[in-house]
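Here are my notes on this structure, as numbered points. Please read them with the coordinates open.

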Amino acid sequence: MTTPPRHVHGLARTDADGQSAWALVGEGTLTTLTSARITTSEMEALPLNAQEQEALVEHVMDALQWYGAYLRTTPGGAGWLYVQHVPVRRLVAHVVRKLMALSAWEPFTKAPGPLKIAPHEGLVGLRKSSSREYRAYTITWSGIAYLLGATALYNPFRTAQLSNLQPARVDTRVPSPPPSALPRTDVVALSWSSRHAATLLPVLEDLTGGGRTSLLVDLATDPAQRCDTPAVEGIRLVTPPPGLFALSGAVERLQLWDDEHVVQVKEHVVRLSRLVRLLAVLLETSGGCTQPSWRSVVRLETWLSGVLEASRPHTLLVSNDTSPVGALAVHLADLNGVNTVHVQHGAWTAESVAWPALHSRDIVVMGDRDAPLAKAWARHPDAEVHVLGQPRFDVLAGIGREAQRQYLEKLLVPGSGRSPDRILVWACQPFGPDRLKAHADLLLDGMWKTEGEWGLVIAPHPAQSPEVFASLMQRDGRPLVAVADPQVGARGCLVGADVVASAYSTCGIEAALLGVPVLEIGTAHERTLGLADHGLARRCTTAEDVTDALSTPRTPHAAAEPGSTDAVCRWGGDSAALVAQLIASRASGHQLEHLRNEGVPSR
């Protein structure tokens with residue numbers, strides 16, 4: 001009979017033979033002990049230094065790079081740690097965070113000792129997430145004990161939840177012709193997100209005006225993120241073979257034996273061989289286009305190589321070159337002598353990126369504040385940074401307020417029979433349920449105290465499951481609350497709002513450009529877009545801040561002064577044309593002085 005997995009509830013001191021020792025225990029055991037003890041939730045809530053955490057993550061990643069970056073490579077020479085750097089780094093961040101929490105708990109620092117593993121608990125699991133497709137992996141506390149040297153004779157590498165996870169969707173679209181049947185083209189663009197498509201398509205459309213053709217490669221595995229067939233002649237939609245991202249299986253050469261190589265994280269000694277074994281779980285698991293397995297990566301490389309060899313483009317155009325498929329694509333473009341252009345599709349801050357790196361040669365950013373980050377993160381030896389705005393925003397000036405206002409009112413009226421005086425649109429991000437609830441409470445409590453009738457329309461992120469907001473609808477009817485169609489999203493209704501609230505949505509930038517008042521929400525320690533630093537938003541860390549901001553909002557829809565938003569986003573309605581000029585100039589070998597913002601070398 002199989003022993004059921006054990007649920008770890010806390011950490012307790014269990015000295016033996018006069019030596020300090022600690023054990024991971026269940027809830028029943030924890031409540032009966034009189035020795036030093038703490039629940040795992042209390043442990044994980046201990047305050048940590050964010051700068052120290054990031055430095056330690058970088059330290060561990062450097063150690064992994066030295067230890068085994070090329071233990072496994074694709075046939076084209078891309079190492080596993082390069083391709084899978086983003087998901088690996090995110091998991092390493094969870095390891096570091098838990099080790100730092102262990103160091104921050106005084107009873108353990110006063111009496112450090114070995115940590116006994118909880119039998120039968122899996123070592124790699126999943127955290128709660130509101131994202132439809134992206135999987136939030138974590139290392140369990142038994143996984144931490146394993147990394148520190150504990151014996152794990154009866155512990156599976158995966159938790160039961162991860163083992164029972166349904167495989168990634170298999171694409172059921174009609175497949176494109178094989179790469180060998182593709183025509184020659186000028187540009188190959190990659191998209192696996194609706195935001196990528198909305199950012200890149202205007203550029204491709206502008207290129208057709210100059211007689212240049214494009215292949216738009218749609219790698220999305222979430223149906224909501226797929227590209228529609230382009231209506232403009234000269235842009236051809238291409239999709240990969242069905243099932244390419246549904247592959248899974250063990251990865252040879254990453255199942256290592258213990259050795260003497262370690263990395264120090266504060267006072268903790270982590271075995272690198274064991275860390276690689278746990279990281280291999282990510283590479284063995286099919287996670288769609290955002291977290292492809294290693295087998296999917298190898299298959300994708302073969303297919304993309306065929307696309308580039310058949311189409312022979314002069315430019316690869318992307319909106320992400322650090323996640324697995326983006327990093328792989330840029331690697332292949334470099335091998336084939338194809339110029340690479342990266343167009344920033346979302347806001348950046350130094351604290352927000354999973355991996356502070358950019359691999360493309362030409363890096364197009366939205367605003368002046370993004371240029372220093374891009375220069376610091378650039379990895380290409382000839383990289384240049386261009387501040388050209390956001391092609392997706394070119395159409396904003398033509399958006400009508402009346403139709404969007406009517407949509408918002410119709411959402412709010414059916415359940416109440418009354419129309420609110422003012423409407424706030426909450427542009428969400430796919431955060432975990434606890435963080436979303438905290439943001440919702442902050443907004444709703446603040447709105448409840450505000451005079452007048454307010455309505456709240458929740459606009460899910462394109463990658464978010466709207467079901468996570470069901471509990472927010474169970475209130476006393478004030479303020480009015482409704483959830484927008486995910487296909488509409490914040491962008492499809494923000495112009496109709498009196499105020500837009502967001503923690504980190506790029507829709508906050510769109511609202512600021514259009515003169516809609518913006519609230520940047522979240523605790524004082526949470527990162528935001530930083531629009532308040534430029535006078536383009538009001539920072540709200542408490543419900544009282546929200547009440548005050550809504551009680552005295554500035555005049556909505558007052559157009560921003562020309563140039564006042566340039567730090568955040570250059571907006572002149574011609575960003576797509578400027579990116580297209582950049583691509584055409586590179587192809588013809590001309591200089592770039594004719595661009596509004598001349599390319600600035602990153603070094």
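1. Asn-339 lies in strand S13, which covers residues 339-343. Bear in mind throughout that this is a predicted model. Is Asn-339 buried or exposed? Its relative accessible area is 13%, so Asn-339 counts as buried, the cut-off being under 20%.

2. Which side chain does the side chain of Asn-339 meet in a polar contact? The partner is Asp-362, at 3.2 Å. Asp-362 also appears among the residues that Asn-339 touches, beside Arg-361 and Arg-586. His-314, Thr-315 and Leu-316 complete that list, which leaves out residues up to four places away in sequence.

3. Leu-123 sits in a loop. Strand S4 (115-116) and strand S5 (124-126) flank that loop. Leu-123 has a relative accessible area of 1%, so it is buried.

4. What surrounds Leu-123? Setting aside residues up to four places away in sequence, Leu-123 touches Ile-117, Tyr-146 and Leu-278, among others. Its contacts also include Thr-138, Ile-139 and Thr-140, then Ser-142 and Gly-143. Asn-155, Pro-156, Phe-157 and Arg-158 are further contacts of Leu-123.

5. How far apart are Leu-123 and Val-546? In sequence they are separated by 423 residues. In space the C-alpha to C-alpha distance is 42 Å.

6. Val-546 brings us to a helix pair. Helix H15 (residues 433-448) and helix H17 (residues 543-551) have axes that come within 7 Å and cross at roughly 50°. That angle makes H15 oblique to H17. The crossing of H15 past H17 is right-handed.

7. Which residues make this contact? H15 supplies Leu-442, Leu-443, Asp-445, Gly-446 and Met-447. H17 supplies Ala-543, Val-546, Thr-547 and Leu-550. By class, the residues of the H15 contact with H17 are 6 nonpolar, 2 polar and 1 charged.

8. A second helix pair is H3 (residues 50-68) with H10 (residues 272-284). Their axes are 11 Å apart, and the packing angle is about 95°. H3 and H10 are therefore roughly perpendicular, since angles of 65 to 115 degrees fall in that class.

9. On the H3 side, the contact is made by Val-60, Ala-63, Leu-64, Trp-66 and Tyr-67. On the H10 side, Leu-272, Ser-273, Leu-275, Val-276 and Leu-279 take part. The contact of H3 with H10 comprises 9 nonpolar residues, 1 polar and no charged.

Note on methods. Residues numbered from 1 in each chain as written. Predicted model: local features only at pLDDT ≥ 70, side-chain atom pairs only at ≥ 80, totals over all residues. Heavy atoms only, no water. Helix = DSSP H or I, 4+ residues; strand = E, 2+ residues; numbered from the N terminus. Buried < 20%, exposed > 50% of the residue type's maximum accessible area, 1.4 Å probe, protein only. Polar contact = N/O pair within 3.5 Å; in protein donor to acceptor, adjacent residues only side chain to side chain. Contact = heavy atoms within 4.5 Å. Axes fitted to C-alpha atoms, helices over the stretch in contact; angles between N-to-C directions. Parallel < 35°, antiparallel > 145°, perpendicular 65-115°, else oblique. Left-handed = near helix turned anticlockwise from the far one by under 90°. Nonpolar A, V, L, I, M, F, W, Y, C, P; charged D, E, K, R; others polar.
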